[in-house]
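This report walks through one protein model, strand by strand and helix by helix. Please keep the sequence and the three-dimensional view at hand while reading.

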Amino acid sequence: MPGLVSEFHEGERAMHRLLKIPIRENPTSPGLPMRYGMRVNYSSLVALGTLDNEGRPWTTVWGGERGFARPVAENVLAFNSSVDTAHDPVFKALWDDADPQDDAVIRPDGGQGKLMSGLSIDLETRDRVKLGGKMIAGAAVNGGKDVQMAMLVTESLGNCPKYLNMKDIVLNEMKPKLVSDSLLLSPEALQLIEKADMFFLSTTNGETMDTNHRGGSPGLLRVAKNTAEGLELIYPEFSGNRLYQSLGNLRLNPLIGIAIPDFDTSDVIYLTGTASILMGKEASSLLARSQLAVKISVTEARFVKSGLPFRGETGERSPYNPPTRHLLSERDAHIAASSTSKPDISATLVKRQILTSTINRFTFRLSSRDKIPAWQAGQYITFDFEPELGAGYSHMRDEDPQSLNDDLVRTFTISSPPGGNEIHITARKHGPATNFLWKHNLRVPLDIPVLGFGGEAAFRIPLETTGPQPIFIAAGVGITPMLAQAPQLLAAGVPFKLFWTIQAKDLALVVDTFAKIPGLAAVTTLFITGTPPKQEEIDALATEVKTRRITSSDLDEVKGKGAKFYFCTSPKLLSALGEWLEGEDVVWEDFGY
């Protein structure tokens with residue numbers, strides 16, 4: 001019989017205390033109310049979880065069409081789905097390794113049922129319902145290709161549509177093949193994880209189970225370790241309904257099972273292992289811009305090709321998806337490294353200079369009770385805008401969905417040379433932080449906490465007159481690393497070359513830059529896009545000007561001569577440069593965080 005779900009269990013309460021969540025009632029419903037039963041019936045997929053004979057959770061996904069799961073009696077769901085009965089770990093655990101060929105009816109535990117959980121999910125409407133209960137009967141039919149199963153639902157809960165990327169689900173004729181059961185994932189399996197924008201996880205507190213999804217931008221699940229001896233994955237926990245049912249289970253029992261589907265191919269990776277909940281510095285020291293994350297140490301893995309009974313064509317991605325959060329051990333994830341510690345430094349806004357309609361230069365005065373760390377030309381500074389722009393918790397925020405997981409930490413390349421306690425930030429207006437700086441009344445003091453300085457040493461051009469010629473390619477405000485480095489480079493006689501592409505409306509930035517850095521115009525080729533400026537304006541620049549986009553042929557004069565290329569451009573141009581300069585020595589700075 002359904003149990004009355006009225007209180008959170010100790011693991012959930014522990015998470016609420018740790019994260020300072022206000023006391024509230026548990027919204028989980030006993031049994032399967034009609035409103036939830038209808039939503040399950042309309043869903044084309046159900047993720048299922050159960051425990052194997054060793055007590056380890058596993059997760060799978062069944063379905064492929066609406067109506068395959070439906071209510072057939074009070075609090076009872078029936079499932080009728082094609083299933084890979086040879087490799088699906090949930091089927092194997094529910095059937096206790098019984099032969100799927102004999103069509104026998106299975107009644108686990110003498111008819112008392114076997115603990116399980118589920119998540120019905122409709123990716124066309126972004127609807128989902130969590131299910132908890134027991135498998136009470138089942139049979140494998142059609143030569144073990146299809147499964148019929150009955151689940152007694154003891155608790156259920158409707159969930160919000162956040163982080164669900166829409167997909168058009170269709171049936172797939174499975175041709176399952178176990179590719180590997182090694183902990184060392186193959187390149188193909190790693191590629192599946194890298195492109196996955198959703199996975200499913202199951203946990204248990206020992207008395208009940210919970211199955212849910214984690215979704216976001218592709219690459220939300222990061223591989224921290226991949227060897228024959230060990231496989232470790234990390235993912236960030238985004239702002240949700242603050243029930244913390246999965247994490248609450250993990251507080252009591254760290255075992256976890258996940259399924260990572262490839263909706264394009266119907267391939268799937270099944271994993272089971274042990275989870276660690278990472279909070280604060282423990283999270284941000286491993287995963288960029290994350291204050292809450294989960295690390296999974298995998299104990300068993302299965303990679304199955306064509307192992308799922310469905311495929312899915314990707315549609316609209318959730319507007320709530322944050323950008324992918326990378327490991328600090330990955331290239332360019334250093335941007336968040338400084339957030340793991342907070343030195344006592346503040347930056348006071350003292351001046352704002354309008355350069356163009358969308359680009360300003362901001363002057364900040366740094367102060368600290370301790371010594372301010374030294375920085376080098378071309379490095380960035382990390383500001384914390386949370387005290388000024390933080391809006392507190394909201395479950396949903398449709399008018400600004402990205403703000404829910406925005407930590408309001410921003411990095412800006414310092415555009416002035418090192419030295420002194422004042423720095424310049426040259427930035428384009430884009431997003432809440434720069435909009436705030438644009439509008440702030442300078443007569444009102446503004447102090448922004450500084451989290452630190454950083455930047456790739458490899459991106460700084462050496463002060464050497466011999467060796468590979470440095471070639472810097474910038475787009476728009478991508479010039480900022482050069483603004484801080486150019487005076488030293490020119491003074492040292494470094495034979496560098498600058499290719500700079502800019503929109504005509506931002507030409508004032510070029511005029512200002514050449515005026516502030518004498519000699520830079522002489523080593524620059526400028527590409528002006530948009531409506532061409534007047535000829536007298538071009539002549540006044542005293543530099544080589546082309547009123548068009550940069551092309552591959554523009555780099556012919558420097559290609560194949562042992563030069564070293566530095567890029568700071570838009571992602572689109574960065575991709576093109578990678579093709580044009582294949583085989584050259586290149587390095588770039590990525591500000592995508």
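In strand E13, the residue that serves as bridge partner of Phe200 is His213. That pair belongs to a longer ladder, for strand E12 (residues 198-204) and strand E13 (residues 209-215) run antiparallel and are joined by seven bridges. The hairpin that E12 and E13 make has four residues between the strands, and within it Gly206 takes a positive phi near 100°. E12 also pairs in the antiparallel sense with strand E16 (residues 255-261), here over three bridges, and in that pairing Leu201 stands opposite Ile258.

It should be said early that this is a predicted model. The protein averages a pLDDT of 89, and 93% of the residues score at least 70. Over residues 332-341, however, the pLDDT is below 50, although this stretch has 34 contacts in the model beyond near neighbours in sequence.

**Two enclosed strands**

How many of the seven residues of E12 are buried? Seven of the seven are, so the strand is largely enclosed by the rest of the structure. In a regular strand the side chains alternate between the two faces of the sheet. In E12 both faces are covered, with Met198, Phe200, Ser202 and Thr204 buried on one side, and Phe199, Leu201 and Thr203 buried on the other.

Strand E7 (residues 114-122) can be read in a similar way: seven of its nine residues are buried, so E7 is largely enclosed by the rest of the structure. Strand E2 (residues 45-51) pairs with E7 in the antiparallel sense over six bridges, and Gly49 stands opposite Ser117 of E7. E7 also pairs with strand E8 (residues 127-141), again in the antiparallel sense, over nine bridges, and there Lys114 stands opposite Met135 of E8. The hairpin of E7 and E8 has four residues between the strands, and in this hairpin Arg126 takes a positive phi near 60°.

**The largest nonpolar core**

The largest nonpolar core has 46 residues, and those with the most contacts inside it are Phe79, Trp95 and Met149. Strand E9 (residues 146-159) gives the most to this core, with five residues. When its neighbours within four places in sequence are left aside, Trp95 is in contact with residues including Ile106, Met135, Val147 and Met149.

**Two open sheets**

Strands of a sheet pair through backbone hydrogen bonds, either parallel or antiparallel. Both kinds of pairing appear in the sheets described here, as the following table sets out.

| Strand order | Pairing | Average turn between neighbouring strands |
|---|---|---|
| E29-E28-E27-E26-E30-E31 | parallel | 15° |
| E23-E22-E25-E20-E21-E24 | antiparallel | 40° |

In the parallel sheet, which is open and has six strands, strand E29 (544-546) and strand E31 (585-588) stand at the edges, each with a single partner strand, so one side of each is left without a neighbour in the sheet. Inside this order, strand E26 (residues 470-475) and strand E27 (residues 497-503) run parallel and are joined by five bridges, with Ala474 standing opposite Trp500 of E27.

The antiparallel sheet is also open and has six strands. Its edges are strand E23 (409-413) and strand E24 (422-428), and each has a single partner strand, so one side of each lacks a neighbour in the sheet. Strand E22 (residues 380-384) and strand E25 (residues 447-454) run antiparallel and are joined by four bridges, and Tyr380 stands opposite Gly454 of E25.

**Two helices**

Helix H9 (residues 480-492) has a kink of about 45° at Ala486, shortly before the proline Pro487. Among the buried residues of H9 are Thr480, Met482, Leu483, Ala486 and Leu489. What covers the buried residues of this helix includes E23, E24, E26, helix H10 (507-516) and strand E30 (564-568). After H9 comes Gly493, whose phi is positive, near 75°.

Thr434 lies in helix H8 (residues 432-439). Is Thr434 buried or exposed? Thr434 has a relative accessible area of 5%, and because buried means under 20%, Thr434 counts as buried. Leaving aside its neighbours within four places in sequence, Thr434 is in contact with Phe412, Ala427, Arg428 and Lys429.

Key. Residues numbered from 1 in each chain as written. Predicted model: local features only at pLDDT ≥ 70, side-chain atom pairs only at ≥ 80, totals over all residues. Heavy atoms only, no water. Buried < 20%, exposed > 50% of the residue type's maximum accessible area, 1.4 Å probe, protein only. Pairing = 2+ DSSP bridges. Contact = heavy atoms within 4.5 Å. Axes fitted to C-alpha atoms, helices over the stretch in contact; angles between N-to-C directions. Core = buried A, V, L, I, M, F, W, Y, C linked by side-chain atoms within 4.5 Å. pLDDT = per-residue confidence, 0-100. Bend = angle between axes of the 7 residues up to and from the residue.
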